[in-house]
Amino acid sequence: MIYFDNSATTKPYKEVLDSFLKVSAGYFGNPSSLHGIGGQAEKLLGQARSQVARLMGVKAAEVIFTSGGTEGNNLALKGAALANRGRGKHIITTQIEHDSVANAARQLEELGFEVTYLPVNKEGFIDTAAVNAAIRDDTILVSVIHTNNEVGTIQPVGEIGQMLKDFPKVLFHVDYVQGAGKLPLDIYGSNIDLCTISGHKFHGLKGTGALFVRDGVKLLPLLSGGGQEGERRNGTENVAGMVAMAKALRMSSERWERNMGLINEIMGTIKSGLAEMPEIIIHTPAENSAPHILNFSVKGFKAEVFIHALEEKGIYVSTTSACSSRKSRPSKTLLAMGVPDGVAESAIRISLSEENTLAEAKAAAGAIRETVKQLGEVMK
Amino acid sequence: MMYDRILIRYGEISTKGRNRNKFIDKLRKSVRKTLEDFPQVQIESDRERMYVLLNGEDGRKVAERLKKVFGIQSFSLAVKVEKDLDKMKQAALELFRSLYSEGKTFKITAKRSDKTFELDTNEVNYEFGGHLLKNIPGLKVDVRNPDINLQIEIRKEAVYLSAENILGAAGLPVGSSGKAMLMLSGGIDSPVAGYLSMKRGLEVEGIHFASPPFTSERARQKVVDLSAKLAEVSGHFALHIVPFTEIQQAIHKQVPDNYTMTTTRRLMLQIADRLREKFGGLALITGESLGQVASQTLESMYAINEVTSTPILRPLIAMDKTEIMNIAGKIDTLDISNRPYEDCCTVFVPASPKTKPKLEKVKHFESFFDFEPLIEKAVQETERLLVKPGGADSGQEEEDLF
């Protein structure tokens, strides 16, 4: 099996599962309980928070545990918009956000907010000047994805954050789900107020995530309850999941740092294998893109057919993002980049983890070449 | 980034005459301790400078750690180059390019302690400024407010290039002023008092009084976590936990309510003083700030202090609460201190403690009971933990979870 769909989800590390089991069994207490069993659980939760904070380069009190990227993005957008609506009702985001940002923004529109969706250029990048130009007196929030989940472009969030320094009233949210544990992000240096990460994208478990909320930023909780997570995310904490996530983030960060050269080599091998084929159009730009995501179209082939053909050879890739791939609608990121419908419909995404190997890359490139040839005979 | 070393400028050490070597030695120890988990790093020092050779370790991360080490006035990420004009120019250009982005201005600051070098300071400025201007189109000089100040330091053994001075934590190296014991309650003030004492070179050990079941495991954990923060300064922090329940119960039986607070403090001080003696300290430190609470009025301090002639250092005595809280925020102890668990100072507070206790009265109340055996027992049963930075006495099993 060659698993190249790591942007959809990753396989949990064995060590991470071990921690999850051990904590679930041995530290089952409710962190809010006064007795010692609760105290132990609370202590572990605190350690998990400190570790996640340290790896993100922020303070422990600024980390809220969530159930994942979707919740983090929803809490960031709706929580910040609703808590700050007294200051304005305008929000700026982009046309290439993950659905959990895009649809949260739509929902806010229904609630009376105005949202500007900024376009990208044909390489898939947001222009900082365009963000600047879109800011109005009543703008309260800018939300930009760090690493795009469909094509892997890395947006200039540092530059946008610097520009936003001139607008102290505007909060800055970054969806860092695809970048966390892989690509560095200077949260304070980029003037970021809110930042979402998700555990299962870096070999943690589904149902775990965190939202960085800068000191002093107000959020309206989406879930009301017993006052957990500083009353911003109520509900009994998933202690085992958070310990597992803290471990996953540490391991993944260490391994990515160590294996960056190899990952680049693996991606280079795939790219050069594809570049020889005239049927293939690569959408992921060569510069300022994540080293682990490659999006390309095989002209004339429906993506779904191509994916199943590769699956028969034991290679797992995806169409667009996993969440939208069931809707069988072309990637909105590609459309925003100006890729024609027909080409976008045949887009394939390969996403690596640091556990992939050079041999897998060679095998996959060969398999893709073969599949293009085989299907070409049938479909043309 | 091409930096290969960090150049450290000493703080007040440089004024310490003949003791200088001792101070440099202490500083070297603290630097080594702080950088323990960077195994490749090497440390060299002479009378004027210390150099951390990175040997491939991440200079930015090392710099982050150094910011917290007392005894460092300032430091710079730097590159060592041979004293050869061509090589120097090439290195200067390479370093500059790694920092430069369009629109930034610069200046060159040359320092020449090696007076035999072929160019004088002005000539160096001119020569290197010219070299950069020639090679980077659109580059502009700004001698007043440059975005990049490229420093070229020509010393006897080599030339050092650096581009920014990072301010250190100043103060004196930890341990260069001797040892003292800090009364650590878990509140906002005491960790700040400990931190400021460390800044002046004291080696500090903490003393915490625990009264289970009146105080909880969480209250104890809070103090351990505070200790872990203080351990970041010195690499480790010793914490003594005194079992205090029996004594507190005895006090409540013997002493009228409005005097229990005064007697409690007197007994704590006596126990702390014995621990100080046992572990070789020369002073006690408290987080007292004049007039903040009933036990911190001048009358209270007079009545409490009477039990010992050991110097009691009160670094916060003249500070306002807001100033203290600011420092607590900076050293990251504020959030921990704000956790809402009762410690043994808060749990037994009488409804109206005396703000002006009389010494004769306290002594009179205490005279009906012999506290000595209880004091000795508490000292004997005191537990000593060695707390490391980044979280404390968790066992190996718990560590494996992360």
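**Two recorded binding-site residues in chain B**

In this predicted model, B:Gln296 sits in a loop of chain B, the one running between strand S13 (283-285) and helix H9 (298-305). Despite this loop setting, B:Gln296 counts as buried, because 21 C-beta neighbours lie inside 10 Å and the cut-off for burial is 20 or more. Leaving aside residues up to four places away in sequence, B:Gln296 touches B:Glu288, B:Ser289, B:Leu290, B:Gly291 and B:Met301.

The interest in B:Gln296 comes from the record: an unreviewed UniProt entry lists this residue under "binding site", together with B:Met183, B:Leu184, B:His208, B:Phe209, B:Arg265 and B:Gly287. Of these, B:Met183 makes a handy companion to look at. B:Met183 belongs to strand S10 of chain B, which covers residues 179-183. With 24 C-beta neighbours inside 10 Å, B:Met183 counts as buried too. Again setting aside residues up to four places away in sequence, the contacts of B:Met183 are B:Ser190, B:Ile207, B:Met268, B:Ala272, B:Leu284, B:Ile285 and B:Thr286.

A step back to the whole chain helps to place these residues. The domain assignment divides chain B into domain 1 (5-167) and domain 2 (179-392). Taken over C-alpha atoms, the centres of domain 1 and domain 2 of chain B are 43 Å apart. The contact between them involves 5 residues of domain 1 and 6 residues of domain 2 of chain B. On the domain 1 side, the residues that touch domain 2 of chain B comprise 1 nonpolar, 2 polar and 2 charged.

Conventions:
Residues are numbered from 1 along each chain as its sequence is written. Chains are lettered from A and ligands numbered from 1 in the order in which they are written. This is a predicted model: local features need pLDDT of at least 70, side-chain atom pairs count only at pLDDT 80 or more; totals for chains, interfaces and linings use all residues. UniProt positions are given in the numbering used here, feature names are shortened, and annotations may be inferred rather than shown by experiment. Helices (H or I, at least four residues) and strands (E, at least two) are DSSP runs, numbered from the N terminus. A residue is buried if 20 or more other C-beta atoms lie within 10 Å of its own, exposed if 12 or fewer, and partly exposed in between; C-beta atoms are placed from the backbone. Two residues are in contact if their C-beta atoms, placed from the backbone, lie within 7 Å. Domain bounds come from an automatic or database domain assignment. Ala, Val, Leu, Ile, Met, Phe, Trp, Tyr, Cys and Pro count as nonpolar, Asp, Glu, Lys and Arg as charged, and the others, Gly among them, as polar.
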